[in-house]
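This briefing is meant for a reader who is meeting the structure for the first time. Please look over the sequence and the model below before turning to the notes.

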Amino acid sequence: ATTADCEREPGRDPVDELQGGYGFLEMATPSPRVEVPDDAEIPADPLDYPEGVRVYLASDAYVTADDPAVVALAAQLLEGVAPGERRNTRAVAWAVYEWIARNVTHDAVFGSGREPYRDVTSGIWQTIQEGGWCWGRSFYDWAYRPAELLAARTGICVEHSWLASALLRVLGIPARARVGSAQ
């Protein structure tokens, strides 16, 4: 354990450099990988999914599958899938993946090692906001929701995950977002 005693004025950037680290260890027991057969089909009726899976078709506060912008994009993506493949889980999921990979950039907090540190774009909430520094806030407070990410076209991993999950849910594929390393 380390203690740092410092004073900051609210609303002002720190004058001195303060570096710190935070981390945790986690015992992860990987679950067996679920292989989706190449011919897996999206059911025409969501009630054909087991009850415990249907929750991953609904919209929630972060995976906003009912947002009009998300619904419109999902319809557009489905139109781009060959008519005979529109119920094929892999073909539809690939269309979502490919669209996001081609149209939404990833804005990391740190560069590749060759690039210097840079801020994230998500409203720049992670590092600086009107009242000053705000490290320690959860991304649930500041990260773009799917429609906001569609407008910005750049975001961090959690935002990509929420968008992909929202699009998949609209298209009838149960999806849950993986957020962080400890989820």
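The notes that follow go from the overall make-up of the chain to helix packing, salt bridges and two individual residues.

The structure is a predicted model, and its protein chain comprises 6 helices and 4 strands. Read from the N terminus, the elements of the protein chain follow the order α-α-α-β-β-β-α-α-β-α. Of the 183 residues in the protein chain, 30% are buried. Among the contacts in the protein chain with a separation of 6 or more, 59% are between residues 24 or more positions apart.

**Packing of α2 against α6**

- Helix α2, which covers residues 68–79, packs against helix α6, which covers residues 157–170, at an angle of about 65°, and the axes of the two helices lie 9 Å apart.
- Since angles of 65 to 115 degrees count as roughly perpendicular, α2 and α6 are therefore roughly perpendicular to each other.
- The crossing in which α2 passes α6 is right-handed, and the residues that make the contact are Val70, Val71, Leu73, Ala74 and Leu77 on the side of α2, together with Ala166, Leu167 and Val170 on the side of α6.
- Sorted by class, the residues in the contact of α2 with α6 are 8 nonpolar, with no polar and no charged residues.

**Packing of α3 against α6**

- The axes of α3 and α6 cross at roughly 145° and come within 10 Å of each other, and the crossing of α3 past α6 is right-handed.
- The contact is formed by Ala93, Val96, Trp99 and Ile100 from α3, and by His160, Leu163, Ala164, Leu167 and Leu168 from α6.
- By class, the contact of α3 with α6 contains 8 nonpolar residues and 1 polar residue, while no charged residues take part.
- Leu167 of α6 is named in the contact with α2 and is also named in the contact with α3.

**Salt bridges**

- The count of salt bridges in the model comes to 4, and among them are the pairs described in the following points, which involve Arg90, Arg169 and Arg102.
- Arg90 and Asp38 form a salt bridge in which the closest N and O atoms are 2.9 Å apart. This pair links distant parts of the chain, with Arg90 in helix α3 (residues 89–103) and Asp38 in the segment before α1 (51–54), the two residues being 52 residues apart.
- Within the pair of Arg90 and Asp38, Arg90 is partly exposed, having a relative accessible area of 37%, whereas Asp38 is exposed, having a relative accessible area of 59%.
- Arg169 and Asp60 also meet through their side chains in a salt bridge, at 3.4 Å from N to O. Here too the pair links distant parts of the chain, with Arg169 in helix α6 and Asp60 in the loop between α1 and α2, 109 residues apart.
- Is Arg169 buried or exposed? Arg169 has a relative accessible area of 6%, and because residues under 20% count as buried, Arg169 is buried; its partner Asp60, with 35% relative accessibility, counts as partly exposed.
- Arg102 forms a salt bridge with Glu98, and the closest N and O atoms of this pair are 3.1 Å apart. Arg102 and Glu98 are 4 residues apart in helix α3, so they are separated by about one helical turn.
- Arg102 counts as exposed at 65% relative accessibility, while Glu98 is partly exposed with a relative accessible area of 29%.

**Two individual residues**

- Arg153 has a phi value near 60°, which is positive although the residue is one other than glycine. Arg153 is located in the loop between α5 (146–152) and β4 (154–155), and Arg153 is partly exposed, with a relative accessible area of 35%.
- Val36 belongs to the segment before α1 and is partly exposed, with a relative accessible area of 36%.
- Which residues does Val36 contact, leaving aside its neighbours within four places in sequence? With those neighbours set aside, Val36 is in contact with Thr89 and Arg90.
- The C-alpha atoms of Val36 and Thr89 are separated by 8.2 Å, although the two residues are 53 residues apart along the chain.
- Arg90 thus appears in these notes both as a contact of Val36 and as the salt-bridge partner of Asp38.

How values were computed: Residues numbered from 1 in each chain as written. Predicted model: local features only at pLDDT ≥ 70, side-chain atom pairs only at ≥ 80, totals over all residues. Heavy atoms only, no water. Axes fitted to C-alpha atoms, helices over the stretch in contact; angles between N-to-C directions. Parallel < 35°, antiparallel > 145°, perpendicular 65-115°, else oblique. Left-handed = near helix turned anticlockwise from the far one by under 90°. Contact = heavy atoms within 4.5 Å. Nonpolar A, V, L, I, M, F, W, Y, C, P; charged D, E, K, R; others polar. Buried < 20%, exposed > 50% of the residue type's maximum accessible area, 1.4 Å probe, protein only.
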